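Me: Got a minute to go through this model with me? I'd like to start with the sheet and then pick at a few residues.

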Amino acid sequence: MRGCGRSVSRRAAACLFLLPLALSACGLGRRLGALPGVRREPPRVEAAHEADSADVLADDSDFQRAVELHTAPAYNAYLDRRPTGKHARRARLLSERLSYYDAISRMEADKLQAFLEKYPGGRFASSAQERLQRAEYKLAREKDTIDAYRAFIARHRKAKSEWTASATQRLERLLLDRAIASGSELTLSRYVHDNPETPYLKEAREALRQASFDRVMSRKKIDDAREFLRRYKGTPEARIVAGHIEEEMLRSAERSGSASALERFLESYPGTPHKGRILASLSLMRKERSRSAARWVKIKNAEIEVHRPRRCRTCKAVLRVRGTLLNIDTDFAYDLVLEAVLVEKGRRCCTTTHRVNWLAPGVRRPFVFSIPGRSPEGERDRPPPLFELRLKEWNSYRSQPPAGKKEPPEIQTSGEKAPVDSFKPVPVPPLGR
């Protein structure tokens, strides 16, 4: 037993002696790997792992500095250095949020516009757009001009909101006020046409009707008044214009002095309160024509001549008077009696009358009649005697001529036949072949 114990103790001592040598040999081997000329493969996996660890630590450090500052420029600086870093997504979100808060805290249109240009599709874009519209609408409201509202609506035409609606309504109000102040029918008509859904449409139409009414009453043209009645039938202004037309038509008929115009007026306005006045005017016209027809019927180119019928050698020559009657009256026709008297050496003789039936208004009619009881034989070489011709009797008419009073189409003279045209064709021989 004692021998065995000695051997175990010796082995343990040997091991204890060799342990420091082995440890020193390990250290020596490490030191030998660093000496020149001694090749040793580096641990590549461990080196890459150490580099990645260092980069991650630097990324974390940069982001931590941005977090400590907590400003949009700080996060933007981090993104500039590390656009694909581990914290890039969070940095972008924080940068956008802080930029948005900065823009809305100032409520300046240029700041909000810059934010939208930088983050057009961000999560705060719609809210920023609304706040931008509010800020720009406030500026337009301070100016309160047509140009300011038009520019605002044009900028936000694709992003309609309550602010664009308010600007549109205010613009329509200003445009209507300007159109009403101008008093131009064309401007008001264009406003009604261009703004069919405006809440001021009824007011615009009333203003247009009033402008048209003022023009009709000031110009006093019948065609304009009739057009107004057609467009605004049944309105209070239309009743006034209708009365205006009636008065103008009456004044025009009375100024013309025409019985036809007065009668047409009565046909157009049978219930007019001026009917008695018109009938009195027509009665006065009839009386005036009955008193003096010479004012309306004129004798033109009257002359006396010695006449012998053609192709009749046995017929005696006669004195006859010829001329033209002109009715300048456009309303009344006349039955007339002409009287011709010869004047020789201051003595009047051979009075002759000639009747003309129904000389219609505005008609020119020739007349001719002979003077019986006086033979001009032997007086051919002397000039015809002097004569006087006048209207002796007359009657005026407004209606159609009575039966049997119309003049024949051909004026017949005593003892003379009306010429008849004759046609005597001469046969023509056939053409030779």
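Reply: Sure, one definition before the sheet: two strands pair if DSSP finds at least two bridges between them. Strands (E, at least two residues) and helices (H or I, at least four) are DSSP runs, numbered from the N terminus. This is a predicted model, where local features need pLDDT of at least 70 and side-chain atom pairs count only at pLDDT 80 or more, while totals for chains, interfaces and linings use all residues. Residues are numbered from 1 along each chain as its sequence is written, and side-chain values use heavy atoms, with hydrogens and water left out.

Me: OK, which residue in β2 does Ile-304 stand opposite?

Reply: Val-321 is the residue across from Ile-304.

Me: And how many bridges join β1 to β2?

Reply: There are 9, and the two strands run antiparallel.

Me: What's the strand order in that open sheet?

Reply: The order is β1-β2-β5, so to speak a sheet of 3 strands with antiparallel pairing. β1 and β5 (364–371) are the edge strands, each pairing on one side only.

Me: Switching topic. What is odd about the phi of Asn-301?

Reply: Asn-301 has a positive phi, about 55°, and is not a glycine. Most residues other than glycine have a negative phi. Asn-301 sits in strand β1 (residues 297–307).

Me: Is Asn-301 buried or exposed?

Reply: Asn-301 is exposed, because its relative accessible area is 66%. The cut-offs are under 20% for buried, over 50% for exposed and partly exposed in between, using a 1.4 Å probe and protein chains only.

Me: What about Trp-358, buried or exposed?

Reply: Trp-358 counts as buried, because its relative accessibility is 12%. Trp-358 is in strand β4 (residues 347–359), and has a positive phi of about 50° although not a glycine.

Me: Now Asp-331, where is that?

Reply: Asp-331 is in the loop between β2 (318–327) and β3 (333–344).

Me: Which side chain of opposite charge is nearest to Asp-331?

Reply: That is Arg-398, 4.2 Å away, and the buried Asp-331 has no salt bridge. A salt bridge needs a side-chain nitrogen of Lys or Arg within 4 Å of a carboxyl oxygen of Asp or Glu. For charges, Lys and Arg are positive, Asp and Glu negative, and His and the chain ends are not counted.

Me: What else is Asp-331 in contact with?

Reply: Leaving aside neighbours within four places in sequence, the contacts of Asp-331 include Gly-257, Ala-259, Arg-289 and Tyr-397. Contact means heavy atoms within 4.5 Å.
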